[in-house]
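User: I'm new to this and keep tripping over words like "buried" and "antiparallel". Could you take me through where such labels come from?

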Amino acid sequence: MSSSSKKTSMRVDWRAGHGILSGTVNATAGTLVTTSLAYSAGMPAGWSLAAGAAGAVGTLVAGLRKRLTRATLGFRSACWMAAGTWSSWALSNGGPTTLPAIGTLAVAGITAGTMAVGFAAHEETEQARRTLLMSIGTRRALAAEWIDRIARVCRVEGATIPGIEHWPSGMGYTVEVELPEGGTTRRAIADRADALASDLDLPHGCGLQVMPGVSRRRVLIQVTTKSYRGMELPFPAEELAETVTVNNPAPVALLSDGGRAELDMRQASTIVAGPTGSGKTNWLHTLIARLNQTNDTLVWVIDLNGGSLGLPWLHAWREAQQQGPDAERSRWAGQDIPVPGVDWVASTPAEAARMLKAAVRIAKQRKVTYQQHMRAEDDDKLPVSPEVPEIVIVVDEGAEVAATREARQVMAGISEVIRIARAMAIRAVVSVLRVTQDVLPDPMVRKMASNRVCTGATEDAELGHMFGWRALSAEDSFDGPGSLLIGTEGKQPHKGQGWRITPSVIEAICAQTAHRRPRLDTPSLDAAGADYAERWTLERCGHLWGAQHATAGAPDAEASSSRAAGGPRQWKATAGWDAPRSADHVPTPDAAELEALFQLPAANRDNPPAETADNSSGRGGTDWSDPSTWTAGRERREPEQPDARQAALMLLLAAGREGTGASAIARELADDFGTTRQTVVGWLKAWAETGEAVRIGSGSKARYVHRQHAPESPTED
Ligand SMILES: Nc1ncnc2c1ncn2[C@@H]1O[C@H](COP(=O)(O)OP(=O)(O)OP(=O)(O)O)[C@@H](O)[C@H]1O
């Protein structure tokens with residue numbers, strides 16, 4: 001134990017109160033010791049009587065200040081007087097240590113201790129009664145004030161206040177109003193909400209909301225008297241230790257009354273709106289964190305602003321895969337983080353188009369495959385589980401791309417996904433700068449995206465557009481970044497505050513929840529095909545880390561020159577959006593190339609090594625198109641195996657027109673050469689690139705045929 005901790009443990013708190021027993025023993029012992037000292041010093045007996053009287057007066061004064069009851073005051077003063085009297089008697093009758101003196105003191109002490117129990121109980125009851133009366137009195141006064149205010153401001157006479165409840169958070173209170181008979185409606189109060197707030201003279205950032213009560217004539221007025229302005233509520237990452245399901249609503253903000261706002265991510269899509277800097281992106285991160293807490297949700301991100309929403313969710317996973325001295329510096333080096341926190345990131349229009357088309361294919365496939373399952377479950381929506389996970393596509397519009405053609409294309413694509421995939425466990429979360437008629441105009445989509453979050457608005461009309469009939473003004477709703485309105489379409493929204501999440505917390509969450517991320521179910525995998533399976537290849541995602549393969553579409557001269565000059569990416573100028581190159585023509589990068597990028601020192605990342613013939617030999621032995629094979633413990637590289645490679649080629653030839661796959665070849669070679677599947681995948685890809693072999697089919701159905709047996713024009717769907 002350190003010396004400082006020793007000091008701490010020996011510290012005595014002299015202000016500590018006494019219980020009844022210790023108090024009685026202390027008082028009795030104190031009287032005995034003081035009297036003994038006075039006796040040995042030859043003090044006169046009158047001194048003790050005076051000391052007792054002084055003690056009684058002191059107790060009386062202190063007790064009165066504490067507003068103790070008369071009974072307690074009387075008892076405590078009597079104890080002091082009794083002690084003084086005994087002491088004085090003992091001093092004049094042979095001292096305090098004679099048998100009669102000690103006997104009398106013991107009897108007096110026991111009597112006082114016994115009586116103290118009764119007095120303490122009486123005091124407690126009396127104090128509770130006083131508090132209750134006081135709060136009833138305060139509430140009664142507050143209720144009277146409100147009846148008067150409603151009559152003056154809303155011109156509603158005869159309203160009554162059945163209840164007032166102060167919020168445990170201390171941020172305000174709720175008044176329950178019963179409207180008088182005669183046809184007065186809630187609107188009579190709700191329409192005057194601004195006027196009521198002004199009458200109350202609430203501080204800026206505070207306001208009041210009028211909510212429906214238990215019946216037509218009951219109204220709840222929620223008054224916020226303190227605001228969260230300037231407060232930063234750290235995201236409660238420790239809660240993510242518990243695994244949850246997307247079938248239950250996710251907590252997404254803290255309400256002023258101390259409760260939590262929840263959104264049902266299973267049943268509805270979500271729109272989040274707010275101007276730049278209002279905290280949208282932060283809120284989206286907290287939502288992704290909550291989705292990572294589940295074991296039955298995959299998050300796909302579309303962010304045309306350089307993928308900045310998705311990137312923080314990839315760092316921990318990527319750094320856990322890296323090797324070499326540069327990687328060693330990462331706190332995630334060598335950790336077992338098998339998958340990233342988001343399952344697919346699209347940061348270019350072409351990639352977004354691929355993702356959205358894959359989502360539509362998955363929805364159609366699921367509709368066919370799981371029909372029986374839905375019948376068996378008697379459910380008109382696909383039941384979600386870790387085996388058949390929900391896909392949540394999060395789209396961050398971002399100020400930079402809001403008005404571009406690409407952004408509109410993405411919005412149109414997302415509308416289609418929302419419409420087609422609604423019952424097939426694919427949901428969207430769309431972030432927009434402001435809600436106007438032209439955002440998601442499709443009424444069906446508006447209905448499906450019924451979860452609404454607003455982090456800021458410049459006009460009251462925007463709130464009306466978001467939440468329908470409104471009772472809150474934009475001015476009263478937001479007080480700084482993180483404050484938000486949350487609710488569902490057409491319902492009164494709640495005022496709340498989002499948690500603040502930081503990049504380091506996001507990375508820690510990725511590491512904590514990576515092992516509970518589900519895999520896409522096989523029918524969905526098949527439907528998504530190579531577009532999904534090859535989403536982490538260099539060509540497709542390398543640019544997220546600064547590689548020059550910036551788009552999967554062909555960038556035009558303007559975009560290229562701007563990148564070459566170090567300027568921002570001009571996605572607006574990206575060619576090929578209308579006709580994104582099909583996956584068939586996207587050459588799959590070899591493992592060594594991607595590995596080289598991941599191992600590149602930060603300074604060199606913008607200039608990855610040029611592809612060489614040697615690079616394309618696939619000697620890295622890792623199938624980078626299949627992230628499930630990216631594990632932290634795969635540092636050991638297999639040496640070149642010319643014999644094994646030759647044997648694999650023979651097996652490919654022997655497979656004839658039927659062809660074969662990496663797993664089958666690896667099984668054959670395992671005993672003689674110890675060759676792994678990943679190594680064979682590398683060889684097959686290299687042969688496919690040189691034309692030695694032809695790849696047929698995609699996803700789990702992909703197989704390779706030697707060129708001698710290849711059909712005239714292979715179909716690579
Ligand atoms: N819940 C919060 N609590 C406290 N501060 C917050 C919160 N959310 C956001 N902020 C602050 O506001 C800043 C802007 O937040 P954020 O980037 O999420 O806004 P945005 O609306 O997404 O802006 P943009 O459209 O530019 O991306 C953050 O850097 C942070 O300082």
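**Where the labels come from**

Analyst: Let's start with G279: its relative accessibility is 22%, so G279 counts as partly exposed. G279 is found in the loop between strand 7 and helix 8. Keep in mind that this is a predicted model.

User: Why is G279 called partly exposed?

Analyst: Buried means under 20% and exposed means over 50%, with partly exposed in between. The 22% of G279 falls in that middle range, so partly exposed is the label.

User: And what makes G277 exposed?

Analyst: G277 has a relative accessibility of 61%. Exposed asks for over 50%, so G277 qualifies. G277 sits in the loop between strand 7 (270-273) and helix 8. By the way, an unreviewed UniProt entry has a "binding site" annotation covering G274, P275, T276, G277, S278, G279, K280 and T281.

User: How do you know that T286 is buried?

Analyst: The value for T286 is 2%. Buried means under 20%, so T286 counts as buried. T286 lies in helix 8 (residues 280-293). Setting aside neighbours within four places in sequence, T286 is in contact with F235, W499 and I501.

User: What is unusual about the phi of D378 and of A425?

Analyst: Neither is a glycine, yet D378 has a positive phi of about 50 degrees and A425 a positive phi of about 60 degrees. D378 is in the loop between helix 12 (371-377) and strand 10, while A425 is in the loop between helix 13 (405-420) and strand 11.

User: Are those two buried or exposed?

Analyst: D378 has a relative accessible area of 71%, which is over 50%, so D378 is exposed. A425 has 0%, which is under 20%, so A425 is buried.

User: Why are helix 3 and helix 4 called roughly antiparallel?

Analyst: Helix 3 (residues 45-65) and helix 4 (residues 70-91) pack at an angle of about 170 degrees, with their axes 7 Å apart. Angles over 145 degrees count as roughly antiparallel, so the label fits helix 3 and helix 4.

User: Which residues meet there?

Analyst: Among them are A45, L49, G52 and A56 in helix 3, and L73, R76, W80 and G84 in helix 4. By class, the contact of helix 3 with helix 4 has 11 nonpolar, 10 polar and 1 charged residues.

User: What makes strand 3 "mostly covered"?

Analyst: In strand 3 (residues 208-212), 4 of its 5 residues are buried. Strand 3 forms a hairpin with strand 4, with 5 residues between them.

User: How do you know that strand 3 and strand 4 are paired?

Analyst: Two strands pair if there are at least two bridges between them. Strand 3 and strand 4 (residues 218-224) are joined by 5 bridges, so they meet that cut-off, and they run antiparallel. One of the partnerships is V210 with I221 in strand 4.

User: What makes strand 6 and strand 9 edge strands?

Analyst: They belong to an open sheet of 10 strands, in the order 6-5-14-13-12-7-11-10-8-9, with mixed pairing. Strand 6 (260-263) and strand 9 (344-346) each pair on one side only, and these are the edge strands. From one strand to the next, the twist averages 30 degrees.

User: What joins strand 6 to strand 5?

Analyst: There are 4 bridges between strand 5 (residues 250-255) and strand 6, which run antiparallel. P251, for instance, has E262 in strand 6 as its bridge partner.

How values were computed:
Residues numbered from 1 in each chain as written. Predicted model: local features only at pLDDT ≥ 70, side-chain atom pairs only at ≥ 80, totals over all residues. Heavy atoms only, no water. Helix = DSSP H or I, 4+ residues; strand = E, 2+ residues; numbered from the N terminus. Buried < 20%, exposed > 50% of the residue type's maximum accessible area, 1.4 Å probe, protein only. Contact = heavy atoms within 4.5 Å. Axes fitted to C-alpha atoms, helices over the stretch in contact; angles between N-to-C directions. Parallel < 35°, antiparallel > 145°, perpendicular 65-115°, else oblique. Nonpolar A, V, L, I, M, F, W, Y, C, P; charged D, E, K, R; others polar. UniProt positions renumbered as here; feature names shortened; annotations may be inferred.
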